[in-house]
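This report walks through the architecture of a two-chain model, from domains down to strand pairs. Please look at the structure first.

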Amino acid sequence: MLLIRCPYCEEERPELEFRNAGEAHIARSANIAGESDDDFEKFFFIRSNPKGIIHERWRHMHGCARFFNAVRDTVTDKFIMTYKAGEPKPSKLPEISNEVVAK
Amino acid sequence: MKKYSVFAIAREAMRGHKGWEEQWSSPEPKKEYDVIIVGAGGHGLATAYYLATVHGITNVAVLEKGWLGGGNTGRNTTIIRSNYLYDESAGIYDHALKLWDGLSQELNYNVMYSARGVMMLAHNVHDIQVLKRHVHANRLNGIDNEWLSPEQAKEFCPPLNISKDARYPVVGAALQRRGGTARHDAVAWGYARGASARGVHIIQNCEVTGVKRAPNGAVMGVDTTRGFIGAKKVGVVAAGHSSVIMNMAGVRMPLESYPLQALVSEPVKPVVPCVVMSNTVHAYISQSDKGELVIGAGTDQYVSYSQTGGLHILQHTLDAICEMFPIFTRMKMLRSWGGIVDVTPDRSPILAKTPVPGLYVNCGWGTGGFKATPGSGHVFAHTIAKDDPHPINAPFTIERFRTGRLIDEAAAAAVAH
């Protein structure tokens with residue numbers, strides 16, 4: 001089971017309290033009905049599914065119930081950092097990431 | 001290839017078993033092949049086998065980053081059934097089921113296909129409605145499926161708890177008698193032996209690291225850990241890693257990869273005569289010929305390539321098993337493991353041509369690909385050989401996620417995802 005740090009509660013809590021909510025930073029169009037089929041497919045169905053660093057959403061379902069984002073390595077399942085919803089995608093990952101990502 | 005038979009066993013017994021030959025050869029890769037298959041699991045090896053036997057294409061290499069059959073082919077719970085809801089799914093899964101019948105003879109290799117019956121339990125009104133809908137839809141498609149009362153279910157599977165006091169009592173069941181199990185490793189080995197005997201090169205410990213494309217966009221071959229290997233046709237059959245390989249060719253896929261776990265108990269005498277599944281309490285179980293209970297769990301909730309999953313997922317499944325079969329509460333579990341399954345948004349596979357000329361993909365089987373192995377290989381070989389899908393796999397395109405023509409089988413899976 002994963003240990004996940006909720007950036008709102010500022011605490012590491014067991015995975016059972018959380019729900020994964022898929023890939024992060026996929027913006028929904030303000031005019032979804034006006035999207036072309038291609039763009040809708042990209043938004044709705046296509047996923048990056050990376051082997052390595054993923055940016056993903058989690059929801060602290062049985063805690064504060066808020067959505068937040070996380071950066072995780074999908075090979076080791078280790079979390080590199082979590083940050084609040086609405087914050088931009090981190091351009092630089094914390095130092096610890098090098099050690100975590102090293103295989 | 002020397003044929004296996006009772007006479008071969010007698011002959012070898014007389015001379016100390018010195019005459020058995022290797023089941024498949026391990027040649028050095030050539031510079032170029034007509035077709036490269038990426039991934040030597042059941043589906044990839046079956047594809048190579050049918051390319052050779054049905055289409056006469058034998059200049060084929062199957063590249064495998066690990067060892068043959070070491071991915072999900074060796075990690076699944078070996079269940080075979082075709083009781084899917086929609087016509088398209090019924091078509092492809094029943095095509096496979098018809099090939100399972102007789103596969104041991106075709107391959108001259110005992111895949112131990114056992115049509116012991118797959119029984120899916122209903123615990124509430126919704127389950128009854130869903131399963132009866134499946135029974136009717138299946139029968140319209142010529143697929144056997146029948147409705148059982150709780151008493152009939154217990155008669156078919158005596159250890160089942162049908163007490164009305166159960167927390168989720170059994171109120172009925174759907175039974176596909178032609179469903180069952182097969183020996184998963186033997187399926188990979190049998191196809192590998194048959195393909196190798198016809199000239200297919202199976203190259204293990206050879207990981208694909210890139211897909212080379214010509215200036216006009218068409219496939220030229222693949223970069224591997226053993227150098228560049230050329231081919232004008234490349235078929236990607238890489239299960240959980242399919243999207244990784246497709247990204248190398250510049251194609252983004254509607255796939256996400258999740259860990260899926262299974263476990264086996266200590267071996268005991270025959271006690272579970274069939275396969276039992278329950279979507280509602282979320283577990284499925286059968287018994288191997290070695291006597292182990294083979295139990296399948298659900299997927300973890302996050303994308304991962306770790307080939308491991310959370311212990312709480314297994315615990316949840318075992319809770320459900322003990323609910324259905326109270327006699328197993330003191331059974332010891334021996335081993336558990338995880339595989340990485342590639343899941344599509346509509347839970348149906350993709351077997352198709354891709355936007356890249358010469359590149360074909362067979363992926364998205366999610367949590368239930370083993371059962372389809374022979375049918376999948378058969379129609380995918382057709383797709384590669386003719387550069388045109390077989391009518392059976394024609395609906396399973398990548399483009400369906402743009403056109404909206406989905407094959408929405410989410411509710412038909414063995415366990416809810």
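## Two domains in chain B

The C-alpha centres of domain 1 and domain 2 of chain B are 28 Å apart. This is a predicted model. The domain assignment gives domain 1 of chain B as 28-109 + 183-254 + 346-412. Domain 2 of chain B is assigned as 118-179 + 257-343.

The domains touch through 25 residues of domain 1 of chain B and 28 residues of domain 2 of chain B. On the domain 1 side, β3 (79-80), α3 (87-100) and α8 (242-248) of chain B each give at least two residues. The largest share of that side is from α3(B), with four residues. By class, the domain 1 side has twelve polar, eight nonpolar and five charged residues.

## The contact between chains

Chain A and chain B each put 19 residues into their contact. On the chain B side, four elements supply at least two residues each: α8, β12 (256-265), α9 (311-324) and α11 (400-403). The helix α8(B) thus appears on the side facing domain 2 of chain B and on the side touching chain A.

The chain B side of this contact counts nine nonpolar, seven polar and three charged residues.

## A helix pair in chain B

Two packed helices are described by the angle between their axes and the distance between the axes. For α2 (residues 42-53) and α7 (residues 184-197) of chain B, the axes come within 8 Å and cross at roughly 30 degrees. Angles under 35 degrees count as roughly parallel, and α2(B) and α7(B) are therefore roughly parallel to each other. Their crossing is left-handed.

Which residues meet in this pair? From α2(B) come B:Gly42, B:Leu45, B:Ala46, B:Ala48, B:Tyr49 and B:Ala52. From α7(B) come B:Val187, B:Ala188, B:Tyr191, B:Ala192, B:Gly194 and B:Ala195. By class, the contact has ten nonpolar and two polar residues, with no charged ones.

## The eight-stranded sheet of chain B

Chain B holds an open sheet of eight strands. Its order is β5-β6-β4-β13-β14-β15-β12-β16, and the pairing is mixed. At the edges stand β5 (146-148) and β16 (333-343) of chain B. Each has a single partner strand, so one side of each lacks a neighbour in the sheet. The twist from one strand to the next averages 20 degrees.

Inside the sheet, β4 (residues 118-122) and β6 (residues 172-176) of chain B run antiparallel, joined by five bridges. B:Met119 is opposite B:Leu175 in β6(B). The helix α9(B) packs on this sheet. It touches β12, β13 (275-278), β14 (283-287), β15 (293-299) and β16 of chain B. The direction of α9(B) makes about 130 degrees with that of β15(B).

## Chain A

Chain A has two helices and six strands. Along the sequence they follow the pattern β-β-β-α-β-β-β-α. The C-alpha trace of chain A spans about 40 × 35 × 25 Å along its principal axes.

Four strands of chain A form an open antiparallel sheet, ordered β3-β4-β5-β6. Why is one side of β3 (19-23) and of β6 (79-84) of chain A left without a neighbour in the sheet? Both strands stand at the edges with a single partner strand each, so one side stays free of a neighbour. Neighbouring strands are turned by 30 degrees against each other on average, direction ignored. β3(A) pairs with β4 (residues 53-59) of chain A in the antiparallel sense, over three bridges. A:Asn20 stands opposite A:Trp58 in β4(A).

Terms used
Residues numbered from 1 in each chain as written. Chains lettered and ligands numbered in written order. Predicted model: local features only at pLDDT ≥ 70, side-chain atom pairs only at ≥ 80, totals over all residues. Domains from an automatic or database assignment. Contact = placed C-beta atoms within 7 Å. Nonpolar A, V, L, I, M, F, W, Y, C, P; charged D, E, K, R; others polar. Axes fitted to C-alpha atoms, helices over the stretch in contact; angles between N-to-C directions. Parallel < 35°, antiparallel > 145°, perpendicular 65-115°, else oblique. Left-handed = near helix turned anticlockwise from the far one by under 90°. Pairing = 2+ DSSP bridges.
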